[in-house]
Amino acid sequence: MRYFIWALRLLVFIAVLLFALKNTHVVAVNFYGDYALQDVPLIVVMLGVFVLGALFGLLLTVPAALRRRREAARLRREVERLQAAALPPGQQAPVAPEAVAPMSPL
């Protein structure tokens, strides 16, 4: 499976490289107002727009990720509180197997 993923990455890289080599024409980039950039390679413009779009997309996911993290921490504290309340006085909570020997990632 690992070799398949690397072969797929290589194919995507070659496709992007060939696409970049076919789009080396120079273009003029006009911004709002009278500001313009002349003689910019098209692939540079496309790469810049892609990077800006990826950054914007990541920034849109940050609030939801922070909200999920806060909710998970709150639920973890709630579980610990309920487990402590369910144990008879003087008895310790059982240790989870993951705390002794962490599971390896898949």
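Is isoleucine 5 buried, partly exposed or exposed, and what is its relative accessibility? At 31% relative accessibility, isoleucine 5 counts as partly exposed, because that value falls between the 20% limit for buried and the 50% limit for exposed. Please keep in mind that this is a predicted model. Here is a friendly tour of the chain, starting with its overall layout.

**Overall layout**
- The protein chain contains three helices and two strands, and their order along the sequence is α-β-β-α-α.
- Just 4% of the 106 residues count as buried.
- The chain has an accessible surface of about 10100 Å², and carbon and sulfur atoms account for 71% of that surface.

**Helix α1 and its nonpolar patch**
- Helix α1 covers residues 2-22, and isoleucine 5 is found in this helix.
- Isoleucine 5 also helps to make a nonpolar surface patch of about 610 Å². The other residues of the patch are Met1, Phe4, Leu8, Val12 and Val16.
- Isoleucine 5 can belong to such a patch because its relative accessibility is 31%, and patch residues need over 30%.

**The loop after α1**
- Asparagine 23 sits in the loop that leads from α1 to β1, a strand made of residues 26-30.
- With a relative accessibility of 15%, asparagine 23 counts as buried, because the cut-off for buried is under 20%.
- Leaving aside residues up to four places away in sequence, asparagine 23 touches Leu42 and Ile43.

**The β hairpin**
- Strand β2 spans residues 36-41 and runs antiparallel to β1, with four bridges joining the two.
- One of the residue pairings you can look up is valine 29 with leucine 37, its bridge partner in β2.
- Together β1 and β2 form a hairpin, with five residues between the strands.
- In the turn, glycine 33 has a positive phi of about 80 degrees.
- As background for viewing the strands, side chains in a regular strand alternate between the two faces of the sheet.

**The aromatic pair**
- The structure holds one aromatic pair. Its members are phenylalanine 31 and tyrosine 35, with ring centres 5.5 Å apart.
- The planes of phenylalanine 31 and tyrosine 35 are 35 degrees apart, and the pair is tilted. It is called tilted because stacked planes would be under 30 degrees apart and edge-to-face planes over 60.
- Phenylalanine 31 is itself partly exposed, at a relative accessible area of 42%.

Note on methods
Residues numbered from 1 in each chain as written. Predicted model: local features only at pLDDT ≥ 70, side-chain atom pairs only at ≥ 80, totals over all residues. Heavy atoms only, no water. Buried < 20%, exposed > 50% of the residue type's maximum accessible area, 1.4 Å probe, protein only. Areas by Shrake-Rupley, 256 points an atom, 1.4 Å probe, with all protein chains shown as cover. Patch = residues over 30% accessible without salt bridge, like charges linked within 9 Å, V, L, I, M, F, W, Y side chains within 5 Å. Salt bridge = Lys/Arg side-chain N within 4 Å of Asp/Glu carboxyl O. Contact = heavy atoms within 4.5 Å. Pairing = 2+ DSSP bridges. Phe/Tyr/Trp six-rings, centres within 6.5 Å; stacked < 30°, edge-to-face > 60°.
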